[in-house]
Amino acid sequence: MWATSPASAQQAAVVGTDKVTAEAVDQTAPTIGRFVTLFEAVVPALLASHVTEIPVNIGDRLAAGDIIAVLDIDRLRWQVQQAKASVAQSEAGLAVARARADLAQRRLERAEGLRESTAFSQAQRDDARGEADIAAAQVQVALAALEEANARLDTAEDDFARGTVVAPFDGVVEERHADLGEAVQPGGPVVTLVSEKALEIEADVPSQRVAALNPGASIEVTRASGEAIGTTVRAVGTVENPRTRTRRVRLVPELAELQHIPPIGEGVTVHVPISDTAVLPTVHKDAILQRRGISVVYVVVDGKAEVRPVQLGDAVGDRFVVLSGVQPGEVAVVRGNERLLPGQAVAVAPPAEGGQGDQSDAVAEAAATSDDAKESAQ
């Protein structure tokens, strides 16, 4: 496949090189995830009425307690006033009952005080005792009436408060289900409110890889733009999807690192660990060539180019992990390798001070000098 003529192999090629290095690499598998919100609610009406005010529209951002809609509450206001009047009436009735009870008690005490006197009358004493007992019972009735009136007032005030629909949490109005003048029933939807700040990442992870996702573990996530987000595993679902053989995992993202809050539903790539950190060979990306669909790397062995088919892993910066084909410490050709032939003698260009790019210029200059020398010799 990579055979060459002996004559071509004898011509030394000027190349730039880079050592195969060993790096600690975390083995991961990509899994698709998405941003989800912790709070999403269809905010309902709590009374049967009609809408008199609805000051919000789709896309409005609300704080907890902000008014979403106001129902027809005139009747409820009247009920509150009526309940307050009933409480006042009950309080007055209780005051009268207590006054009567005090009067009856004093009469009883006077009748008891005449027990040793010739003016004592057992009949009058018994009547006074009966009046005192009745007055005490009337106090209890008045207390019960006042308690009932207070309960009706609490109910009326609660109904009045429910006539104003407010946001239960900070969020964005995603949909409006009711309009001005529209009748609503208890539990009927008014708006859909979604929190845009309380976000998590949800991913369906293959069950055989869930073992590496313990709560508290740090997992790297990347957005479609390539931006990396640090996350922490919050929870792993206990139910396996029998169709996909996956379990749902929830991750807490570090949103403070981001310039803009991601939209709900945005897709991300979750890098799920599939093995412990391993030390593996890596080569510079410029060392990799494609030959008939196979990735190959030229290494310098005893001054000659030796071609190695390689199996590549993940990218690590400007380098690639090599799962097989080369070993750390070997010298890979990164410049001038496009024209190399297996077994061809190579001359390594001296490294330039500017780095990889300058080394490429040095290789090109050295190659041009070599070609000129060959022409002169011919």
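Over residues 373-378 of this predicted model, pLDDT stays under 50, and for this stretch the model has two contacts beyond four places in sequence. Helix α4, which covers residues 356-377, has the lowest mean pLDDT among the elements of the protein chain, at 48, whereas strand β11, residues 189-194, has the highest, at 96. Where pLDDT is low, the predicted coordinates should not be read in detail. For the protein chain overall, the average pLDDT is 85, and 88% of the residues score at least 70.

The sheet can be followed strand by strand. Six strands, taken in the order β3-β12-β15-β14-β13-β16, close into a barrel with antiparallel pairing. On average, and with direction ignored, neighbouring strands of this sheet are turned by 40° against each other. Strand β3, residues 28-37, is joined by seven bridges to strand β16, residues 267-273, and the two run antiparallel; within this pairing, Ile32 stands opposite Thr269 in β16. Elsewhere in the barrel, strand β12 (residues 199-206) pairs with strand β15 (residues 246-253) over six bridges, again in the antiparallel sense, and Val205 has Arg247 of β15 as its bridge partner. Strand β15 also pairs with strand β14 (residues 228-241), in the antiparallel sense and over seven bridges, with Thr232 standing opposite Val252 of β15.

The connection between β14 and β15 deserves a separate look. These two strands form a hairpin with four residues between them, and Arg245 lies in the loop that joins them. Arg245 has a positive phi of about 55° although it is not a glycine, and because its relative accessibility is 48%, this residue counts as partly exposed. A second non-glycine residue with a positive phi of about 55° is Asp302, found in the loop between β19 (294-301) and β20 (304-309). Asp302 has a relative accessibility of 76% and therefore counts as exposed.

Returning to strand β3, one may ask which backbone oxygens the side chain of Thr37 reaches. The side chain of Thr37 reaches the backbone oxygen of Phe39 at 3.1 Å, and a polar atom of the Thr37 side chain lies 2.6 Å from the backbone oxygen of Ser195. Thr37 itself is placed in β3, and it counts as buried because its relative accessible area is 13%, under the 20% cut-off. Leaving aside neighbours within four places in sequence, Thr37 is in contact with Val194, Ser195, Ala198, Leu199 and Ile264.

The helical part of the model can be approached through α2, residues 74-113. At 1.5 Å a residue, the 40 residues of this helix should span 58 Å, and because its end C-alpha atoms are 59 Å apart, the model agrees with that expectation. Which residues of α2 are buried? They are Leu76, Val80, Ala83, Ser86, Val87, Ser90, Leu94, Ala97, Ala101, Ala104, Leu108 and Ala111. An α-helix has 3.6 residues a turn, so residues three or four places apart point the same way. What covers the buried residues of α2 includes helix α3, residues 122-162.

Technical notes: Residues numbered from 1 in each chain as written. Predicted model: local features only at pLDDT ≥ 70, side-chain atom pairs only at ≥ 80, totals over all residues. Heavy atoms only, no water. pLDDT = per-residue confidence, 0-100. Contact = heavy atoms within 4.5 Å. Expected span 1.5 Å × (residues − 1). Buried < 20%, exposed > 50% of the residue type's maximum accessible area, 1.4 Å probe, protein only. Pairing = 2+ DSSP bridges. Polar contact = N/O pair within 3.5 Å; in protein donor to acceptor, adjacent residues only side chain to side chain. Axes fitted to C-alpha atoms, helices over the stretch in contact; angles between N-to-C directions.
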